[in-house]
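Work through the following exercises with the sequence and the coordinates open beside you, and try each task before reading its solution.

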Amino acid sequence: MKETADLACYLANLKTTNIPSNVFERCQELFLDWLASAYASKGLHPVDIFEKFSDLMGPKDGKSIILVSQKTTSPFFASFVNAASSHLVEQDDLHNSSVLHPATVVFPAAFAAAQDLEVSGTKFLTACIAGYEAGIRIGEYLGRSHYKIFHTTATVGTLAAAVSVGKLMDFNEEQFTNLLGTAGTQASGLWEFLKDAADSKQLHTAKAASNGLLSAYLTKDGLTGAQNILQGKQGLAAGMSSDAEPKYLNDRLGTRWALLETSFKFHASCRHTHPAADALLQLLQEKQLGFNDIEEVIAHVHQSAIDVLGLVEEPKTIHQAKFSMGTVLGLIAVHGDAGLNSFKNFALSDENVINFRNKVRMVLDHEVDSNYPKKWFGKISIKTKSNEIYSKFITDPKGDPLNTLTQKELEMKFHRLCDFSGVFDKNMRQKIISNTWKLKDLSNVSQIFI
C-alpha cells in the first residue's frame, strides 16, 4: 500500500505555502462555477425532494447554508442538498482523465464544514485543493473499467469530499488513512439509472458529499477505517475495477496540480456530448449548412461515450435528454446551442430537434478512443441531402484547459445560470462574484454572501 501511504502522507503535510497562486486562483474560479450550477437548479425536480428530506430530518437552523433555499441547517444536510442541486443541470466541472466531477462533491462538503468550523477562505481553498488532488488521482487509479459500471463521481467523490473536510480539520497521516477507509467503504453509485430516466444521479452526489463529510466528523472523534481500502485484496479496486493502476495514486504529488487540468462545462449536457457538439457547430458554420441540409450525422466517439449515452434511445425527461447524443446535436443544429433554455424549451417537443436526433448515430473511433480519457477529441462526419460528405476534428472542446473559459466568461455563465432559475438580483450576484475573486483573503468563508 505504498502508493496509498504516500497519498495520505502528502495530504497530511500539504500546506498553504506549498500551493502556487495560480492553483488558488483556479480553485476560486471552480468554486464560482459550482455556485452557479447549484443556483440554476432552484425550483427543479428532484432538488425539491432533497430539500423536503432535509427539512424533515435536519435541524431547523444551523451555520451551513442550503444554496437554493437560503435556509441554514447542519453541515451534513447542507452538503446533502447542495451536492444534489449542483449536479442537476449538467453544468458542473469535469476532470478528463479521472472522469470525475470534483466540484459537485468537494465544494458541498468543504463549504458546509467550513461554515460550521468558521474557517478562513485560504484554509477552505486549501482543503478543496486537497480534495481535488486526491479525488482525481483515485479516479485515475480505478480506471476505465470502473467507470463502465460505476458513476465515478459517486464512488470516488465520497473519498474526495472526505479528504477536503479532513484537511479542514488538520488531520494527520494516520487520520487520513482511517478517513479513506471509512469513506471508501461507503462508496457507491451505478449507471443503470440512466436507462430509466431515474433521479439517482443527484442522489449519488448528495450521498457522496454528505457521506464524505460524515466520515471526516467521525474520524475526528476516533472512528477507525480500513487501512488499505484502495489497494487491499477486499478493497475498492478489487471490487470495482479490473484495470487499476497504483502508480496514479501518488503521481507527482506536490508538482503536478491536477486541479488545473479540470474542464469547465460550456454546454448543459453530459460531457461526453461536448466534443461532438463543438465539432458539429464549427462544421455547420464553416460550410454554412442548416439542419435541413443534413441527411446523416456520425459522431466518432470513445467507448465510454457509447457505454453511457447508448443507454438513452428516446429521452423521456429533460435530464435524460442531456445524455442523448442525438438530442444535443439536434439542439446545436437547429438552435445553435445546447444551453439550459434550449433544453427546457426544445429538447423534448421540437419536431426539428427530434427529427435531427434520429439522423445521428455514434460509432467507436480508434483514434478518439485510444486518446481517451486523457484527451476528449471531437470528431464528426455529416452527409448532406445533396450527397456531400464533410468531417470535422477538434482536439480541445470549449472549456478544456487548453480552450478554457476566462473569468469574464465564467461571470457571464454565473449570470446566465442565475437568470435561468431567477435567483438573486443583479447586485447580489455581483457581490457573490466579487467576493469569490477575493475568497482567499476572507477571514471567514461565510463572508462571501456579505
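**Exercise 1.** In this predicted model, determine how many residues lie between S7 and S8 in their hairpin, and find a turn residue with a positive phi.

*Solution.* Begin with the turn: S7 and S8 form a hairpin with 4 residues between them, and within that turn Asn387 has a positive phi of about 70 degrees. Next, take the pairing itself, in which S7, covering residues 378–384, runs antiparallel to S8, covering residues 389–394, and is joined to S8 by 6 bridges. Finally, to place one residue in this register, note that Ile380 of the model stands opposite Lys392 in S8.

**Exercise 2.** Locate the cis peptide bonds that precede Pro46 and Pro373.

*Solution.* Recall that most peptide bonds are trans. The bond from His45 to Pro46 is cis, with omega near 5 degrees, and Pro46 lies in the loop between helix H2 (21–39) and H3. The bond from Tyr372 to Pro373 is likewise cis, with omega near 5 degrees, and Pro373 belongs to the loop between helix H17 (366–371) and S7.

**Exercise 3.** Decide whether Glu90 is buried or exposed, and do likewise for Ala197.

*Solution.* Start with the backbone: Glu90, though not a glycine, has a positive phi of about 60 degrees, and its place is in the loop between helix H4 (75–85) and strand S3 (94–95). Since buried means under 20% relative accessible area, Glu90 counts as buried because its value is 1%. Ala197, in the loop between helix H8 (173–184) and helix H9 (200–220), has a positive phi near 55 degrees, and Ala197 is also buried, because its relative accessible area is 18%.

Notes
Residues are numbered from 1 along each chain as its sequence is written. This is a predicted model: local features need pLDDT of at least 70, side-chain atom pairs count only at pLDDT 80 or more; totals for chains, interfaces and linings use all residues. Side-chain values use heavy atoms; hydrogens and water are left out. Two strands pair if DSSP finds at least two bridges between them. Helices (H or I, at least four residues) and strands (E, at least two) are DSSP runs, numbered from the N terminus. Buried means under 20% relative accessible area, exposed over 50%, partly exposed in between (1.4 Å probe, protein chains only).
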